[in-house]
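Hi everyone, thanks for coming. Please have the sequence and the 3D view open, and feel free to follow along as I talk.

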Amino acid sequence: MEVSFHDEIEHLKLGDGDVFHGEGILAVTKALLQSGVAYVGGYQGAPVSHLLDVMVQARDYLDRLGVHVEACTNEASAAAMLGASINYPLRGAVTWKSIVGTNVASDALSNLASAGVTGGALIVVGEDYGEGASVIQERTHAVALKSSMWLLDPRPELPTIVRMVERGFELSEASNTPVIMELRIRACHVRGSFAASANRAPPISRRELLEGPPTFVYERLAHPPATFRQEKLKFDVRMPAARKFIVEQGLNEIFDGSEREVGIIVQGGLHNNLIRALGQAGLADTFGAARIPILALNVVYPLVPGQIREFCAGKRAVLVVEEGSPEFIEQEIATTLRRGDLNTKLHGKDVLPMAGEYTADTILRGLERFLAAAAPRLAGGAGAAYIAAVDALRARAATALGALPPRPPTFCVGCPERPVFAAMKLVEREVGKPHVSADIGCHAFATFEPFSQGNSILGYGMSLASAAGVAPMMARRPVAIMGDGGFWHNGFLSGVSSALLNGGDSILLIMKNGYSSATGTQELLSSPPAEAKRAAREQSAAAADRHIENTLQGAGVKWLRTVHNYRVAEMAATLKEAFTTPEPGLKVIVAEGECQLERQRRIRPLVAASLKAGERVVRTRFGVDEDVCSGDHSCIRLSGCPSLTVKDSTDPLKVDPVAHVNNGCVGCGLCGEVAHAAILCPSFFRAEIVQNPTWWDRLAQRVRATLIGWLQPA
Ligand code: SF4
Ligand code: SF4
C-alpha cells in the first residue's frame, strides 16, 4: 500500500494530558493501546479499514510496546485469533466490516462465545448499514443475540467511543464473554477530541512472554460435554455479571428532560441523529440538551430489565428508536414492561420504518407521529413545519429537474480490469453471452453500464463456487470472476478446490492486480515485494509474482493461462479458447495488470522527484482526432473509461458530438487496443508528453514540425 499513515501513527503516541483530535476510528485505535491490548488482528473493509491499516504501518512502534499485529487473510482467521484470550489473561481486539465479515467469522465466533474468555476480547465491526453502505443490509445484532456476545453501540462522539473501548475490555473480563462494538459509517468518520492517556504495555506480550506450559482445562474447549455447561453459564452467570457491570459502570446514559410524561430509548449510535431531529422539532437546543428524557443504550445487548423499567415507570409512552429489522430491542422492552406489569405505551416500528437508515429526517417524521399519539401538545410545531418545507422543496426540485440520470460507480481511469471486460464483450459476439458469476471487488463495477456483466454475487471469493450449480445446466461454460483479494480470502478453498474435486468445467478469470484494491489496496500474499515495485517503475509491478499460478498448478489446475490485461486481442483470443476448447475441467485465466490507482500513487512521487532533478520524463496520453471520429461511439461502449467522453465537434457538418479524451487520461493504452481489436475507426492517436526535453528531443521536434508544416500548409 502506497498510502502513508505517518500523521495517524503520531496520534497513537499521545500521552497523559495530550489532546487527541481526529476521526472516530482512529480514536478506537488509540483507545485499544490505552487499554493495554496485547494483540490485534482483522480483515480490512469500510468503514473500519483504517484501524488495521494504521496498526500495520505502526508495527515498529507497536513492537516497542510488545503488541502483536496481524493482517489476517480473512475474518475467520481474525476471529480465531481471539482464541488466545480463552486461556490467557491477554486482551485482544479484531476488526472487520459487518455483516459480511461477521458471517465469514461466525464459526470461530460461536466457538469463542461458547468457551468464554479470560482476557478481554473486543470485536470492532464496521456496521455497514444505511445509505452509504456497500453490502447486504443486515444487522450484527442478530449474530450477537444468537451467540450471546455483548453488543456495544456507542454514542458517536469521541470521549464516549474511547470510554466504551476501555470499558468494553473490562465488561468482557467481568463476564468472561467476547464483546462486539458496532460502529456505523458516521461514527467511524465523526471528528472530535478527547483527553488522551498514556498507552499501556500489556503485562503479557511479545516482550513479556508467558512462562511454562499452558494449563489443560477441558471446560474451556467448545466441545461436548463442556458445551452443555457453557450454554448454562452464558445465561446463569455471564449475563447477570454483564448486567451488573453495565449498571455499576453507567455504560448506558440517561439524559433527563422536562417533558417527563414521555421518553425515548435510542441505540447509542443513533443518538446524534435523534438530537438533530429533536432540534428540528424545537425540543432540543444546539448543544444537545433535549426536553424529552432519553435513555441512550451504549450497550444494546444485553439490556438491563431493571434499568428499562425504571426509565419507563411513570411515563405515559415511550418511543424506541431502533434501526433495521427485526426490532430486537423493542420486542425485549415490550417483554420487560409486560413482566414488570407496567402499562407505559410502547411505540417504535409503528411510527418509524421497519427497514433502512434512520437519518435525522426519518427520525423526525417518526417522532412527529409518536408525539401526535402520545403528547399532542408537543406535535405539529416546528418539526411539522420543517417536514412540510422539505417536502415542498423536494416536490419543486422533482418538477424542475425531472428524473435524474443514475450515476453508477465505475472503475478508476486506466483500471486494468476494464480491458478484460472489453475483451469479454468482443468474445460474446462470437460465442454468445455466458452466465457470469461475479464476486466482491473492483471488478463488480463491470455489473454496471457499459459492461452489464454479472448474474449473481454470493460473497467474497464465492464466484466460482456459485457457478457450480449453473455449469452442468448450461450449454455454454459459465465464467466466474474473482480478484486476487477474493482468491486468497476464500476463493481458492471454496471455489478452486471444490471445482477440482468435482471435475467442474467452468472458466475462472482471476484479476491479478497485486492488491486487495476494493478495500484500500492492502497487501496480499501475492503482492509484489517492495523492491520489485520500486524497480518496476513503468511496467506492471504485479508481473514480478507467480504465487497464484504456482498455487493453482500445485492444486492440479491443468488449463492455465496468464494474459496481460491491456492486450485486449490476446485476452479475447484466450477467452474464446477457454469457451471452445474440448479439454474438460477447470480453465483458469489469470488477468495480470497492476491496480492503476496504486500504480499512480507509486509512480507520481518518483516522477515528481525526477522532474525536480531535471531529468527527462515521458508521459503517454491518448487522444481522438476529431476529423476522423465517425461519432458512433463504439469505443465508449467498449471502454467505459471516464476519461473517454464526448464533446461538440468543431466541424459544422458534424451535428453529433465526437469522442474526446480529457486530461484525466493516464495513457493505459486501452483506447488504442480496443480500436485495434474491435476494428473501430482509426481516430485514436497516442501522444508522448516530454518534460525536461534533451537537445535531441528539441531538434527532433523542430524537424517534425517543419515536415508537418510542409505537408499540411495552413
Ligand atoms: S482501485 Fe485499482 S483495481 Fe480498483 S477500480 Fe481502481 S484501478 Fe481498478
Ligand atoms: S488510454 Fe483510454 S482507457 Fe486508458 S486512461 Fe486514457 S482514455 Fe482511459
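How many aromatic pairs does the count come to? The count comes to 11 aromatic pairs. Before I show you two of them, please keep in mind that this is a predicted model.

A pair of aromatic rings is described by the distance of the centres and the angle of the planes. Take F487 and W488: their centres are 4.9 Å apart and their planes make an angle of 80 degrees, which is an edge-to-face pair. Both of these residues are buried. W695 and W696 are also an aromatic pair, edge-to-face, with 5.9 Å from centre to centre and 85 degrees between the planes.

Are W695 and W696 buried or exposed? W695 has a relative accessible area of 65% and W696 has 53%; exposed means over 50%, so W695 counts as exposed, and so does W696.

Let's stay with W695 for a moment. You can find W695 in helix α26, which covers residues 695–711. W695 and W696 also help to make a nonpolar surface patch of about 900 Å², together with L699, V703, L707, W710 and L711.

A few more rings are worth clicking on. F411, F421, F445 and F451 form one aromatic cluster. Elsewhere, a charge sits over a ring: the charged end of K315 is 5.0 Å from the centre of the ring of F311. R561 lies over the face of W559, and here the distance to the ring centre is 4.0 Å.

Now for the strands. Strands of a sheet pair through backbone hydrogen bonds, either parallel or antiparallel. In which order do the six strands of the open sheet come? The order is β16-β15-β17-β18-β20-β19, and the pairing is parallel. At the edges stand β16 (456–457) and β19 (559–564); each has a single partner strand, so one side of each has no neighbour in the sheet. For β16, look at β15, residues 436–438: two bridges join these parallel strands, and A438 stands opposite I457 of β16.

Next, please find strand β7, residues 179–184. Why can we call β7 largely enclosed by the rest of the structure? Six of its six residues are buried, so that description fits. Both faces of β7 are covered, with V179, M181 and L183 buried on one side and I180, E182 and R184 buried on the other. Strand β5 (residues 121–127) runs parallel to β7 and is joined to it by six bridges, with L122 opposite V179. Strand β6 (residues 150–152) is parallel to β7 too, through three bridges; the partner of L151 in β7 is I180.

Finally, some backbone details in the loops. The peptide bond from S98 to I99 is cis, with omega near 20 degrees, and I99 lies in the loop between β4 (92–98) and α7 (100–115). Another cis peptide bond runs from S325 to P326, with omega near -5 degrees; P326 lies in the loop between β13 (317–321) and α14 (328–339).

S148 is not a glycine, yet it has a positive phi of about 55 degrees. S148 sits in the loop between α8 (141–147) and β6, and is buried, with a relative accessible area of 2%. D341 also has a positive phi of about 55 degrees without being a glycine, and lies in the loop between α14 and β14 (345–347). D341, however, counts as exposed, at 59% relative accessibility.

Thanks for listening!

Methods: Residues numbered from 1 in each chain as written. Chains lettered and ligands numbered in written order. Predicted model: local features only at pLDDT ≥ 70, side-chain atom pairs only at ≥ 80, totals over all residues. Heavy atoms only, no water. Patch = residues over 30% accessible without salt bridge, like charges linked within 9 Å, V, L, I, M, F, W, Y side chains within 5 Å. Areas by Shrake-Rupley, 256 points an atom, 1.4 Å probe, with all protein chains shown as cover. Salt bridge = Lys/Arg side-chain N within 4 Å of Asp/Glu carboxyl O. Helix = DSSP H or I, 4+ residues; strand = E, 2+ residues; numbered from the N terminus. Phe/Tyr/Trp six-rings, centres within 6.5 Å; stacked < 30°, edge-to-face > 60°. Buried < 20%, exposed > 50% of the residue type's maximum accessible area, 1.4 Å probe, protein only. Lys NZ or Arg CZ within 6 Å of the ring centre and 35° of its normal. Pairing = 2+ DSSP bridges.
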